[in-house]
Amino acid sequence: MTSQDLTRSSGAELAGLLAAGDVSSVEATQAHLDRIAAVDGELHAFLHVNAGALDEARAIDDRRAAGERLHELAGAPVAIKDVLCTIGMPSTSGSRILEGWVPPYDATPVARLKAAGLVALGKTNMDEFAMGSSTEHSAYGPTRNPWDLERIPGGSGGGSAAAVAAFEAPFALGSDTGGSIRQPAAVTGSVGVKPTYGGVSRYGAIALASSLDQVGPVSRTVLDSALIHDVIGGHDPHDSTSLQREWPSFAAAAREGAASGSLAGLKVGVIRELDTDGIAADVAARFHETVALIERAGGEVVEVSMPSVEYAVAAYYLILPAEASSNLARFDSVRFGLRVEQGGTVEDVMAASREAGFGPEVKRRIILGTYALSAGYYDAYYGSAQQVRTLIQRDFDAAFAQADVLVSPSAPTTAFRLGEKIDDPLAMYANDITTIPANLAGIPGMSIPMGLGDDGLPVGLQLLAPHFEDVRLYRAGATIEALLAEQWGGILATKAPALTGGAR
Amino acid sequence: MKDRLMDFDEALERYEPVLGFEVHVELGTRTKMFSAAPNPAHPDHHDAAPNTLIDPLSLGLPGSLPVVNDEAIRYSISLGLALGCEIAESSRFARKNYYYPDTPKNYQISQYDEPIAFEGSVEVQLADGRRIDIPIERAHMEEDAGKLTHVGGATGRIQGAEYSLVDYNRAGVPLVEIVTKPIVGAEHSAPEIAKAYVATIRDIVLSLGISEARMERGNLRCDANVSLRPRGQERFGTRTETKNVNSLRSVERAVRYEIQRQAAILAGGGTITQETRHWHEDTGTTSPGRPKSDADDYRYFPEPDLLPVEPTRELVEQLRAALPEQPAVRRRRLQSDWGFTDLELQDVVNAGLLDTIEATVAAGASPAAARKWWTGELARVANERGVDAASLVTPGHVAELQRLVDEGTLTDRLARQALEGVVAGEGSPSEVAAARGLQVVSDEGALVAAVDEALAAQPDVLAKIQDGKVQAAGAVIGAVMKAMRGQADAARVREIVLERAAQS
């Protein structure tokens, strides 16, 4: 089997080959490292490639050769968003202020992947501290969309989504605070899942907004995301907000969903406020076609209304900067990270280091958040935003009384051009309208490809489920994915134009 | 600059002092407030080398998360209950945001508007026996900051220092901050009340076993708020907050100093600056710290990394049932059981002999006798030697000694001699009495013979007695006691003298 074939395999297929002994982890890892070397020069999905990846792969092969019973994904390679702390690899969260910082500990999701025997290929690019929807705010330069190198790959997790879409990795970890997994998945033709808040530990994820952040999987298939979610999910005593409950097997749900081919008995709610208004015509067209497909497959489609959604972006852009302004206070040059050596007091050094280390979007949000939390403004801004959050949660409660899952486009448009919105923060923020409500409510959400826009670029379908019901997303998502793949003759990612040059 | 001071009595004549205290108690849990790092306030770790009791959270490393220490919660609830407080069914942590190099996250996790304990009262007793209730506003949990050492300056303070060292061992030590309501009516006793209050908190904390409560190590720290208002004025004056008061004696001195200093300023037409002040043990003065105003903006908001603290009613009641008797309640019970006057009890308390006398009574002595020996003869010897009375003999020794007196085996005078032997390490009172031949002569024949001999030797005295001048018998009694080497019952000797004089 050629290297090309190995990178074209899904994670589940690759895991099967590894388990059967048809392919070694060294071969699988080498194939992906070769692919990275071949195409990442033009994509820039990776900030760091793991020099120890082949050694780790060899260690897994040795354990398998010694007859050890390994996890079903053991030996498969995976990419890690740079927001997650990794022993032995720099973890910068896309910021200059953490350039070269190597954590002394692994984030819990990373530790769980390692314990299952997955091999980390490296760290993927992102908007600085996950602030952005295009990966253009990375301090280390933007990532490009494998479907069109002049387009953004979404953000903040553009690196993980582009890596998966460009066959540099079968799966990746991302983090989703307002859509940073789902929106990049949508615009790169990949699958991405934001689990229920508390479903995956945040320990070791460099915090953006603690009450919104959630780590989750990115892949090319629903099953692959489910496989990763099964590994990284579950209670972690290091994260107080981590849920203490037993989760069903998401992979089993995805396999069932793909096999059944039917959505009979499933009530699917279409969110009126996210249906057409503010959604590009081609995206809306693909969405309506997909809803029709869902109906043909036996799903019962109902319309639901979420009147508070119109306030979601405003509330989100108060809560997020408020929490971020506090979470980012620790980057002061005293204990770690960039230090601008200059005379003066410690305050002078702190100020100069933060001035040099943070990019403009980060500074913008720190200022916004500091203002929103100030005495005298707290009630009007942070307080009101929390009330909107409650209203949105009530909207979801009402919607889920009528439907088992909700659907909407994952993003209002296909991938926009690099530089198109970089100078217009409000336009960039408005782009998050479809994904933000799930974060404010803490419910799980998924994006799967649902076709191409008029410009030939991918369009994503968002599925939402009530708290703790991530399993519904995997079952329904896999069914819809299978029906669409039948139409297309394969998953959407295989339709992307070939990348040719730009070796690293 | 030397402060002008007004005479204390004059200050009290013109102004009424209002006090308030913030006492920080370091809890001696095994680990820190929000992480598994060892706690330097635990007796095993107090002398650890700098920056050895740390972990990712103690350094505020990116991605680290706090997890509440259950032991600290239990300690805090016990302390709240011992302060007579209500325990909140739900309390919450908040972030107090400010930049300082000893604060690793540049925010402190502290309870703000929802403390774990509130609305209590603590009884303190003054040297003259007066009891005063100090109203408690709240007791809340928080984490300590690290410790800065300023090097190169003359004063050890930040001003003039060349550089500063940071020790993060203390960062994250669990603290309970106990805040009083304004204390009015203290008048001339204000300094003494201040000292008695802090001493009472120390006693309570020690009786609960939740802290070493050693002020010199910073286990117990007091910030004393003092303001003055002119006689007849309702509104409180401007307060100062004196920090760094690290002994009971300093608490008393600092409050007295602030009253005298503020009175001099007010009397001179000046105004008090609302500020923190530093107490200097060596000079017995305070100096200005940083200006403090109620408008300090810490941008508090609920800590999103932690869930609310919601102790079960069962836990609270279990901790309430396990509370040791309150020191003040115990004193009142013992006073009633023992029939001591206020002054007698205060003597015992001031001498630190409460436990010792309780043990002596338990060993069989009457409370009055136990008090007499310990606060009399033994206190005198202890004072001469500069040691604790309790280190001289055991409660059992004192009880035995009193039993010998009550049985008539020893007179008070003989008992004092026996006690001297016990103190000298010659054995128990019985053993000393036997070894030294101390015992009351109860042989009537020997006594009569000695009396007759003494009367014969002093015929003039005999004549006076026979004339009815009974007080003259003293000389004869003295001679008899001398002849019996003191080992006779003087009262019995007197009876015999009168009998024999009448018969001759």
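1. Start just past helix α5 of chain A in this predicted model. There you will find Gly117(A), which takes a positive phi of about 90°. Have a look at the backbone at that spot before moving back into the helix itself.

2. Is helix α5(A) largely enclosed or left open by the rest of the structure? The helix covers residues 108–115, and 6 of its 8 residues are buried, so α5(A) is largely enclosed. The buried ones are Thr108(A), Pro109(A), Val110(A), Ala111(A), Arg112(A) and Leu113(A). Notice that an arginine, Arg112(A), is on that list. The cover over these buried residues includes strands β2, β4 and β6 together with helix α8 of chain A.

3. Those strands lead us to the sheet of chain A. Its 11 strands form an open sheet, and if you trace across it you meet them in the order β1-β3-β2-β4-β6-β5-β10-β11-β9-β7-β8. The pairing is mixed. As a reminder, strands of a sheet pair through backbone hydrogen bonds, either parallel or antiparallel. Which strands sit at the edges? They are β1 (46–49) and β8 (300–304) of chain A, each of which pairs on one side only. On average, neighbouring strands here are turned by 30° against each other, with direction ignored.

4. Now zoom in on β7(A), residues 267–271. On one hand, β7(A) pairs with β9(A), residues 405–409, in the parallel sense over 3 bridges. Here Val270(A) stands opposite Val407(A). On the other hand, β7(A) also runs parallel to β8(A), and 5 bridges join the two. In that pairing, Gly269(A) has Val302(A) of β8(A) as its bridge partner. How do you get from β7(A) to β8(A)? Helix α10 (residues 281–296) of chain A joins them in a right-handed β-α-β unit.

5. Two helices lie across strands of chain A, and they are worth comparing by eye. Helix α6(A), residues 158–165, lies across β1, β2, β3, β4, β5 and β6 of chain A, and runs at about 165° to β4(A). Helix α8(A), residues 222–232, lies across β4, β5, β6 and β10 of chain A, and runs at about 150° to β6(A). You have met α8(A) already, as part of what covers the buried residues of α5(A).

6. Please check one peptide bond with me. The bond from Gly155(A) to Ser156(A) is cis, with omega near 5°. Ser156(A) belongs to the loop between β3 and α6 of chain A.

7. Arg417(A) is a nice lesson in sequence versus space. This residue is in the loop between β9 and α15 (425–430) of chain A. Counting along the sequence, Arg417(A) and Ile152(A) are 265 residues apart, yet in space their C-alpha atoms are 5.9 Å apart. Beyond its neighbours within four places in sequence, Arg417(A) is in contact with Glu150(A) and Arg151(A). Is Arg417(A) buried or partly exposed? It counts as partly exposed, because 13 other C-beta atoms lie within 10 Å, where 20 or more would be needed for buried.

8. For a helix pair, turn to α9(A), residues 250–260, and α17(A), residues 470–488. Two packed helices are described by the angle between their axes and the distance between the axes. For this pair the angle is about 35° and the axes are 7 Å apart. The crossing is right-handed. Residues making the contact include Phe250(A), Ala253(A) and Gly257(A) from α9(A), and Tyr474(A), Ala478(A) and Glu481(A) from α17(A). By class, the contact has 9 nonpolar, 4 polar and 4 charged residues.

9. Chain A also touches chain B: 34 residues of chain A are in contact with 25 residues of chain B. On the chain A side, the elements giving two or more residues are α11 (312–327), α12 (346–357) and α13 (360–373). The largest share, 3 residues, comes from α11(A). This side of chain A has 19 nonpolar, 9 polar and 6 charged residues.

10. Finally, two residues of chain B deserve a second look. Asn51(B), in the loop between β1 and α2 of chain B, has a positive phi near 55°. Arg299(B), in the loop between β13 and β14 of chain B, has a positive phi near 45°. Neither residue is a glycine. Asn51(B) counts as partly exposed, with 15 C-beta neighbours inside 10 Å, whereas Arg299(B) is buried, with 24 other C-beta atoms within 10 Å.

Conventions: Residues are numbered from 1 along each chain as its sequence is written. Chains are lettered from A and ligands numbered from 1 in the order in which they are written. This is a predicted model: local features need pLDDT of at least 70, side-chain atom pairs count only at pLDDT 80 or more; totals for chains, interfaces and linings use all residues. Two residues are in contact if their C-beta atoms, placed from the backbone, lie within 7 Å. Helices (H or I, at least four residues) and strands (E, at least two) are DSSP runs, numbered from the N terminus. Ala, Val, Leu, Ile, Met, Phe, Trp, Tyr, Cys and Pro count as nonpolar, Asp, Glu, Lys and Arg as charged, and the others, Gly among them, as polar. Two strands pair if DSSP finds at least two bridges between them. Axes are lines fitted to C-alpha atoms, for helices over the stretch in contact, and angles run from 0 to 180 degrees between N-to-C directions. A residue is buried if 20 or more other C-beta atoms lie within 10 Å of its own, exposed if 12 or fewer, and partly exposed in between; C-beta atoms are placed from the backbone. A crossover is right-handed if, with the strands pointing away from the viewer, the path from the first strand over the helix to the second runs clockwise. A crossing is left-handed if the near helix is turned anticlockwise from the far one by less than a right angle, and right-handed if clockwise.
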